Amino acid sequence: MVVDFDKIVNRIGTNATKLEFLEEYFGQEGLIPLWVADMDFESPEEIKKAVVSRAEHGVYGYTMHDDAYYNSIINWNLRRNGWRVEKDWILPSLGVVTSIAFIINSLTSEGDEIIVQTPVYYPFFKTIQSLGRKVVYNPLKYKNGKYSMDYEDLKNKINPRTRLMVLCSPHNPVGRVWTKQELEKLATICIDNGILIISDEIHSDLIYQGYVHTPLAGISNKISESTITLMSPSKTFNLAGFFTSYILVQNEQIRKKIKNALNSFSIHQNIFGISALNAAYSNCEYWLEELIDYINNNKLYVQNFLEKHMPDIRLVEPEGTYLLWIDFNGLNLKKEDLDNLILKRAKLGMSDGATFGEEGEGFKRMNIACPKAVLEEAMERLLVAYKTMNNCPQK
Ligand SMILES: Cc1ncc(COP(=O)(O)O)c(C=O)c1O
């Protein structure tokens, strides 16, 4: 390993949401932050150098995207995903959630229906609601510890006002990396019913060994014509603060509408984000490979620890992302007692499952993109709390 992912970096004093908002959000002090989906690791040296070098120039005027920017996105998708993206398809944007809002605004009207597959990253349904569109819930099926899509339920929920689907691929929080067959089946239903798919692929670079990310739009020309793909180097290289995501759209008519929406709000990226993206996609693949290994080891550590010491707490096998989806339902605790166990006794700041939809009740999401020593402390704390659980009233 060239990269020292064991290094503990002090993020206090950097306005890091994960740390500085922790106590206020959970109403509890002394928590280990395992919630907000960014990493506690430093970004690759090459990215730091590129940003510092740009900063040292001293003139920070309006900036356009050059060929290096477009080529780095095109080459990244070709190398990592085997997907050939055209320069014209690329629309630089701010955050992925911002893009979702712009797309919804430009392609649908108030009262239109948009499908999400819960439990899912909650800004999906919050954004739909805040824009006055109706959320249609197509919950994932959870059977024998594995999640799958419910195609029959999806077909039953579609009606003439259903316009869009927001797909999470790979899926946050359940960690599924959808197979080509699963995606194809989903896309066929959507296309047959005139529904466009926003495919949020922000986690697509973080895939565990044995699984492969399939870009939805890369499956066929027909699917590509009905797909709007959202990508970003933000999860991959810990660049969330730069807000430097991009939208990929093959369909010219749809692209024009989204472009108009971005232009009408004068959306421009900042110079540091552009430098960071170029450096990330051009020089940092070695770093990503090491990161995936490190996170995989963290995952195995949590998995083995739970199996050995707390077998009634079940880890849903993650196929991608650095977010673990942990099923506490085997403990048979009431919600307030589970919260008491996690927050007050173990003092762990994990995301509550129910925030991702009612299907997430009894689950917690744990961010493992941190030095292993932090996870070791977290698991030891959980074990101590678990052993004293007899004091907790059962459901
Ligand atoms: C699926 C998914 N989409 C989007 C985002 C946020 O992206 P951005 O910060 O670019 O809006 C996250 C962050 O956790 C996420 O998990």
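**A chat about a predicted model**

A: Just after helix H3, glycine 58 takes a positive phi of about 95° in this predicted model.

Q: How many residues does H3 have, and how far does the helix reach?

A: Helix H3 covers residues 45–57, which is 13 residues. From its first C-alpha to its last it reaches 19 Å, close to the 18 Å expected at 1.5 Å a residue.

Q: Which residue other than glycine has a positive phi?

A: Asparagine 144 is one of them, with phi near 50°. Asparagine 144 sits in the loop between strand S5 (141–143) and strand S6 (146–148). As background, most residues other than glycine have a negative phi, and most peptide bonds are trans.

Q: Speaking of peptide bonds, where is a cis one?

A: The bond from serine 169 to proline 170 is cis, and its omega is near -5°. Another cis bond joins asparagine 172 and proline 173, with omega about 15°.

Q: And where does proline 170 lie?

A: Proline 170 belongs to the loop between strand S7 (162–168) and helix H8 (180–192). Proline 173 is also found in the loop between S7 and H8.

Q: Changing topic: which residues surround the ligand?

A: Asparagine 172, from the second cis bond, is one of the residues around the ligand. The others are Ala37, Gly95, Val96, Val97, Tyr121, Cys168, Asp200, Ile202, His203 and Lys235. By class, this shell divides into 6 nonpolar, 3 polar and 2 charged residues.

Q: What lies 2.5 Å from a nitrogen atom of the ligand?

A: That is a polar side-chain atom of aspartate 200. For lysine 235, a polar side-chain atom is 2.9 Å from an oxygen atom of the ligand. Valine 97 takes part through its backbone: a polar backbone atom there is 3.0 Å from a ligand oxygen.

Q: How much of the ligand's accessible area does the protein cover?

A: The protein covers 91% of the 400 Å² of accessible area that the ligand has on its own.

Q: What about pockets? What volume does the second largest one have?

A: The second largest pocket has a volume of about 420 Å³. Its lining is made of 20 residues, and Ile90, Leu91, Pro92, Lys259 and Asn263 lie nearest its centre.

Q: Which helix gives the most to that lining?

A: Helix H11 does, with 6 residues. H11 spans residues 252–264, and both H11 and strand S2 (90–92) supply at least two residues of the lining.

Q: And what classes of residue line the second largest pocket?

A: The lining has 7 nonpolar, 7 polar and 6 charged residues.

Note on methods:
Residues are numbered from 1 along each chain as its sequence is written. This is a predicted model: local features need pLDDT of at least 70, side-chain atom pairs count only at pLDDT 80 or more; totals for chains, interfaces and linings use all residues. Side-chain values use heavy atoms; hydrogens and water are left out. On a 1 Å grid over the protein atoms alone, a cavity is a set of points where a 1.4 Å probe fits but cannot get out, and a pocket is an open set with protein on both sides within 12 Å along at least five of seven lines; lining residues have an atom within 4 Å of a point. Grid points are joined across faces, edges and corners, and a volume is the space filled by probe spheres set on the points. Helices (H or I, at least four residues) and strands (E, at least two) are DSSP runs, numbered from the N terminus. Ala, Val, Leu, Ile, Met, Phe, Trp, Tyr, Cys and Pro count as nonpolar, Asp, Glu, Lys and Arg as charged, and the others, Gly among them, as polar. A residue is near a molecule or strand if one of its heavy atoms lies within 4 Å of it. A polar contact is a pair of N or O atoms within 3.5 Å; within protein, one must be able to donate a hydrogen and the other to accept it, and residues adjacent in sequence count only if both atoms are side-chain atoms. Accessible areas come from the Shrake-Rupley method with a 1.4 Å probe; for residues, only the protein chains shown count as cover. The expected span of a helix is 1.5 Å times one less than its number of residues.
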